[in-house]
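Please open the model in your viewer and keep the selection tool at hand. The stops below follow one another through the fold, and each says what to select and what is there.

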Amino acid sequence: QLCSAHCPVSPRPSTRALQLQCLPHESSTATSQMTNSSTGLRRPSVLLVIVDDLRPDLGAYGREWARTPHIDALSRRSVTFTNAHAAVANCNPSRAALLTGRTPHQTGVVDLFTHVRDHIPDVVTLPQRFRRAGYLAVSHGKVVH
């Protein structure tokens with residue numbers, strides 16, 4: 001709720017828990033909040049880590065046998081979602097759902113080969129929403145097929 005109260009993005013309810021995507025571009029150093037120079041409003045620095053097939057096997061999720069000290073430290077000073085679920089047991093439809101806030105049925109992405117823009121060319125994705133709000137959206141690796 002903290003993110004939705006302070007973030008300039010106005011998400012639909014299905015994407016409220018996904019407001020952890022981008023870092024503000026006003027600074028190259030990590031800070032807990034940034035001030036929007038045009039409005040003077042403070043907004044949080046935001047980071048979303050998406051990892052396929054990880055499951056919640058991290059110390060942050062109570063797995064004492066897991067040795068994940070850096071992720072655990074990040075989790076202690078962040079919002080950690082403990083009740084998040086994949087839309088489909090397949091990476092491409094789940095990522096399309098995560099980034100658009102729409103179900104696989106709504107996006108038409110139900111396999112590994114379909115791109116969301118094949119069915120909804122003008123869909124606004126979560127990174128696009130953040131960019132429009134003045135954030136820098138950065139990705140590393142394969143987020144969308």
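Select the buried residues of α3 together with their surroundings: they pack against α4 (104–107), α5 (116–119) and α6 (126–132), where contact means heavy atoms within 4.5 Å. Helices here are DSSP runs of H or I with at least four residues, strands are runs of E with at least two, and both are numbered from the N terminus. The model is a predicted one, in which local features need pLDDT of at least 70 and side-chain atom pairs count only at pLDDT 80 or more, while totals for chains, interfaces and linings use all residues. Residues are numbered from 1 along each chain as its sequence is written, and side-chain values use heavy atoms, with hydrogens and water left out.

Stay with α3, residues 91–100, which is mostly covered, eight of its ten residues being buried. Buried means under 20% relative accessible area, exposed means over 50%, and partly exposed lies in between (1.4 Å probe, protein chains only). The buried residues to highlight are N92, P93, S94, R95, A96, A97, L99 and T100. Just after α3 comes G101, with a positive phi near 75 degrees.

Next, select T125, in the loop between α5 and α6. Which residues is T125 in contact with, leaving aside its neighbours within four places in sequence? They are L99, T100 and R117, and T125 itself counts as buried because its relative accessible area is 12%.

Now select F130 and Y135. A search of the whole structure finds one aromatic pair, and F130 and Y135 form it, edge-to-face, with 5.0 Å centre to centre and 90 degrees between the planes. For such a pair, ring centres of Phe, Tyr or Trp (its six-membered ring) lie within 6.5 Å; planes under 30 degrees apart count as stacked, over 60 as edge-to-face and the rest as tilted. F130 is buried, because its relative accessibility is 0%, and Y135 is likewise buried, at 2%. Add R43 to the selection: its charged end sits over the ring of Y135, 4.1 Å from the ring centre, under a rule that asks for NZ of Lys or CZ of Arg within 6 Å of the ring centre and within 35 degrees of the ring normal.

Move on to D57 and R63, whose side chains meet in a salt bridge at 3.4 Å, N to O. A salt bridge is taken as a side-chain nitrogen of Lys or Arg within 4 Å of a carboxyl oxygen of Asp or Glu, and by this rule the count comes to one. Are the two partners buried or exposed? D57 counts as buried because its relative accessibility is 16%, whereas R63, at 28%, is partly exposed.

Then select A73 in helix α2, which is partly exposed with a relative accessible area of 25%. A60 is 13 residues away from A73 in sequence, and the two lie 8.2 Å apart, C-alpha to C-alpha.

For the last local stop, take L47, in the loop between β3 (42–44) and α2 (69–76), and partly exposed at 48% relative accessibility. L47, V49 and V51 form a nonpolar surface patch with about 270 Å² of accessible area together.

Finally, show the whole protein, which has six helices and four strands, running α-β-β-β-α-α-α-α-α-β from the N terminus on. Of its 145 residues, 32% are buried.

Methods. Patches are made of residues with over 30% relative accessible area and no salt bridge: like charges are joined within 9 Å, nonpolar side chains (Val, Leu, Ile, Met, Phe, Trp, Tyr) within 5 Å. Accessible areas come from the Shrake-Rupley method with a 1.4 Å probe; for residues, only the protein chains shown count as cover.
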